[in-house]
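User: Please take a close look at the packing inside this protein. Which residues make it up, and which elements do they come from?

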Amino acid sequence: MNFISILLAILVFSVIIIFHEFGHFIIAKANHVGVIEFSLGMGPRIISWVSDGTKHRLLFFKSTAWFEEHPEFDENTIYSWKILPIGGSCLMLGEEEDVDDERSFSRKSVWARMAIIFAGPFFNFILAFVLSLIVVGSIGHDVARITDVDPGSPAAEAGLKAGDVITEMGSTTIVVNREVSYYPIFHKLDGSPVHFSVERDGQELDFEIAPKKEKDASGNEKMLFGFYHSSPREKVGLLSTLKYSAYEVKFWIDTTIRSLGLMITGQVGMDQISGPVGIVQQVSSVVKESASEGTGTVAVNLLIFSILITANLGVMNLLPIPALDGGRLLFLIIELIRRKPLPRKVETYFNIGGFAVLMALMVFIMGNDIIKLF
């Protein structure tokens, strides 16, 4: 890892986090909720900006005490950049306690509060779509095209040919090339025949192919079909760009959910999960592998990586875990069913417990990332 990789990783994280928090912010403002502070990063403030409509203040290294001494800014949002380049926040009035104020989050309808909470993860998906538009619009989408077939392999015996475009594997519709690579991860191959549909010269052809256990290029034994499938991306028109960009987001959401399923069932170990250090390492790999092809290729690969991270963050935040947006949504759904909120103490205890578990998990994952470095 080098300084540039760390800087790029921080930039990627910052854009994703600020967009997530902006989702909460914009919907809170639309529902006339008072936003106390909108910030990027954690810890002490480096720069803050606040305005009451007539007076504007750009402040450096001001603590909360300074704002308490200047009550003229009480009803105005503080915009801050903080010293630790992780996380961010959209701190709302009445978010953690009941406040007798019409601008209080706690005084808004349950539907308004649900919209505000859901907006954060939803904006992650919007960002993933925007980034996908840039990628697909600039370099096209990755077709699942077969480039070569090993002679005598199950694929060759079944009749697959180079140039065939895979449109279905098993019961899974194939749209992007990566889905072919991911298929064996999410579907156990035991030698049973797998249904393939391919497009060849405008015709749809069907095959049943049983994989065989063979050694791959790395010398590891795997169930293989005996074909290769990497091809240059193909440019498409405007409507197809919109379609494939939306599918790109769907693909990463689906992949994240399936990966969580593997983790819960124990098919993926905790040591295979990456935290911030691991992500910085991956950014470093992306930069290193793309550098020889020019700045444009580095930028596009970082955008593709960012799509994965922001879609992943959106899904993870919707998990019904206390201290995450999904946990807060769960409490609001319970409130909707009960027609009254849970006691504040119950929610607080659950959130504190959830936060403690998340912090312990983060420490474990970061420790695991550091061990991997050596």
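Analyst: The answer starts with the cores and ends with a helix pair.

This is a predicted model, so local features need pLDDT of at least 70 and side-chain atom pairs count only at pLDDT 80 or more, while totals for chains, interfaces and linings use all residues. Residues are numbered from 1 along each chain as its sequence is written, and side-chain values use heavy atoms, without hydrogens or water.

The largest nonpolar core (buried Ala, Val, Leu, Ile, Met, Phe, Trp, Tyr and Cys joined through side-chain atoms within 4.5 Å; buried is under 20% relative accessible area, 1.4 Å probe, protein chains only) has 18 residues. L160, I166, M169, V180, F196, F225 and F227 touch the most other members. At least two residues come from each of β5 (165-169), α5 (178-186), β7 (194-200) and β8 (203-209), DSSP runs of at least two residues for strands and four for helices (H or I). The biggest share is that of β7, with 3 residues.

Leaving aside residues up to four places away in sequence, F225 touches S153, P154, A155, M169, L189, V194, F196, I209 and P211 (heavy atoms within 4.5 Å). A second, separate core has 17 residues, among them V176, V249, F251 and V300.

V249 also lies in the contact of α6 with α3. Helices α3 (residues 110-139) and α6 (residues 238-264) pack at about 130 degrees with axes 8 Å apart, the axes being lines fitted to C-alpha atoms over the stretch in contact and the angle running from 0 to 180 degrees between N-to-C directions. The pair is therefore oblique (neither under 35, over 145, nor 65 to 115 degrees). From α3 come F125, A128, F129, S132, L133, V136 and G137. Facing them in α6 are T241, L242, Y244, S245, A246, E248, V249 and I253.

Methods: Buried < 20%, exposed > 50% of the residue type's maximum accessible area, 1.4 Å probe, protein only.
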